[in-house]
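Here's a quick tour of how some helices pack in this one. Have a look at the model first, then read on.

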Amino acid sequence: MSTPTRVYLARLAGVAVFDPNGDQVGRVRDAVARLRPTQRPPEVVGLVAEMPMRRRIFLSLNRITSIDADAVVLGSGTLNLRRFEKRPNELLVLQELLDRRVQVDPGGQAGSVVDVAMECSRGGEWSLARVAVREQTGRLTRRGHLHQVEWERVRGLSGIADSRGTANLLSVLEDMRPADLANALQDLPDARRNEIAAALDDERLADVLSELPEHDQVEILAALDRERAADVLEEMDPDDAADLLSELPPPEQDVLLDLMQPDEADPVRQLLKYTPGTAGSVMTSEPVILPPDATVAEALARIREPQLSPAIAAQVFVSRAPMTTPTGRYLGMVHFQRLLREPPADLLGGIVVNDIDPLRPTTPLPEITRRMATYDLVAMPVIDRNNRLVGAVTVDDVLDHLLPRDWRDRDAAGHPRTAEPTLDGADG
């Protein structure tokens, strides 16, 4: 292996993994170490890489030709695609050791683990050899000294940690997409997962919750105090908040809705009234809505707002005032491609399209799917009996409800990392 003889593993988190052809196949998420019956440091046997579609696989160190701060390069384009499952005698270094409270001999100085290094012996064996530990000072305004010490000098690295912080693991996870972070949280023990979730800010936690299975959403929300839970619900899209609240008993729903700001709670309450499996139950109540006298330039500026999802930003819905749902009379919609072709000063009322019948709140999901496929749409308006726009159903709303209920759950089937499916010449 062409690589330094000492590698600090937290610095590898997120580093791209390439096959011999230079094609990216995934990113490093952790390192796997095998515990030994003696007092010798654990042997590092491989890395965990995350591929597209959030699949995590095992990469044996024997298959890796180089490791550096910018890339991990494999010696073969043949990948073992079995989803990684940790064995009983193994340790996930970053997941289980970062932020662990330890003591350094001699003297028993207390601190927390910031990083762990693996070193290569003359025989080519990699072991966990050094630990970066930051002292605990007991003073909020002062960071303790950082020490790099041999593995054998650190007490508290084995067994179950009594208490851990979250700062160092959060720093490893902070650049992940919400869906990838949600995937990583599912790999953590429940208590650790709840600690990490509670340490995220409200907006970040709201984004992550939307990507988790319903049972995990409920458990994380239940671990928060009610005021914090209400704050997080306010940061979620109304349809996602309504889906989460629908998993709770009605009395708990009412408590959380009462704690939310009225203008945030009202659209969620409305969505909870619709029958499951209908347009009303899956729609978002906050699509992009503009009046007919708005210009093309104003519409383009609106859909460029970074917080909008691609499906929501793909079109502008045009209606009479008021502009919040339920709006005034619905007039039609304009796709963003049409906006790109029109002069910036033109008015939306002159280019609006209304030749496709809108959905009703009671329209069932199979009918929504058929109509969206027929007209090649990524979103459709939903209007009430008074022709007022009450929301829009997007393609991601439909997929989320048509896929199996447990589609976000990680594959929990445990299999050995031998005789597994492979992919030759994987290009990611």
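What follows covers the chain overall and then two helix pairs.

Keep in mind that this is a predicted model. The chain has 16 helices and 20 strands. Of its 428 residues, 48% are buried. Among contacts with a separation of 6 or more, 61% link residues 24 or more positions apart. As for the surface, about 21,400 Å² is exposed, and carbon and sulfur atoms supply 49% of that.

Now for the helix pairs. Two packed helices are described by the angle between their axes and the distance between the axes. Here's how the two pairs look on those terms:

| Helix pair | Angle | Axis distance |
|---|---|---|
| α5 (residues 202-209) and α7 (residues 226-235) | about 70° | 8 Å |
| α4 (residues 190-199) and α6 (residues 214-223) | roughly 65° | within 10 Å |

Take α5 and α7, with their angle of about 70°. That makes α5 roughly perpendicular to α7. On the α5 side, the contact uses Asp202, Glu203, Leu205, Ala206 and Leu209, and α7 brings in Arg228, Asp231, Val232 and Glu235. Sorted by class, the residues of this α5 and α7 contact are four nonpolar and five charged, with no polar ones.

What about α4 and α6, which cross at roughly 65°? These two helices are therefore roughly perpendicular to each other, and α4 passes α6 in a right-handed crossing. Asp190, Arg193, Asn194 and Ala197 of α4 meet Asp216, Glu219, Ile220 and Ala223 of α6. The class split for the contact of α4 with α6 is three nonpolar, one polar and four charged residues.

Key
Residues are numbered from 1 along each chain as its sequence is written. This is a predicted model: local features need pLDDT of at least 70, side-chain atom pairs count only at pLDDT 80 or more; totals for chains, interfaces and linings use all residues. Side-chain values use heavy atoms; hydrogens and water are left out. Axes are lines fitted to C-alpha atoms, for helices over the stretch in contact, and angles run from 0 to 180 degrees between N-to-C directions. Helices (H or I, at least four residues) and strands (E, at least two) are DSSP runs, numbered from the N terminus. Angles under 35 degrees count as roughly parallel, over 145 as roughly antiparallel, 65 to 115 as roughly perpendicular and the rest as oblique. Contact means heavy atoms within 4.5 Å. Ala, Val, Leu, Ile, Met, Phe, Trp, Tyr, Cys and Pro count as nonpolar, Asp, Glu, Lys and Arg as charged, and the others, Gly among them, as polar. A crossing is left-handed if the near helix is turned anticlockwise from the far one by less than a right angle, and right-handed if clockwise. Buried means under 20% relative accessible area, exposed over 50%, partly exposed in between (1.4 Å probe, protein chains only). Accessible areas come from the Shrake-Rupley method with a 1.4 Å probe; for residues, only the protein chains shown count as cover.
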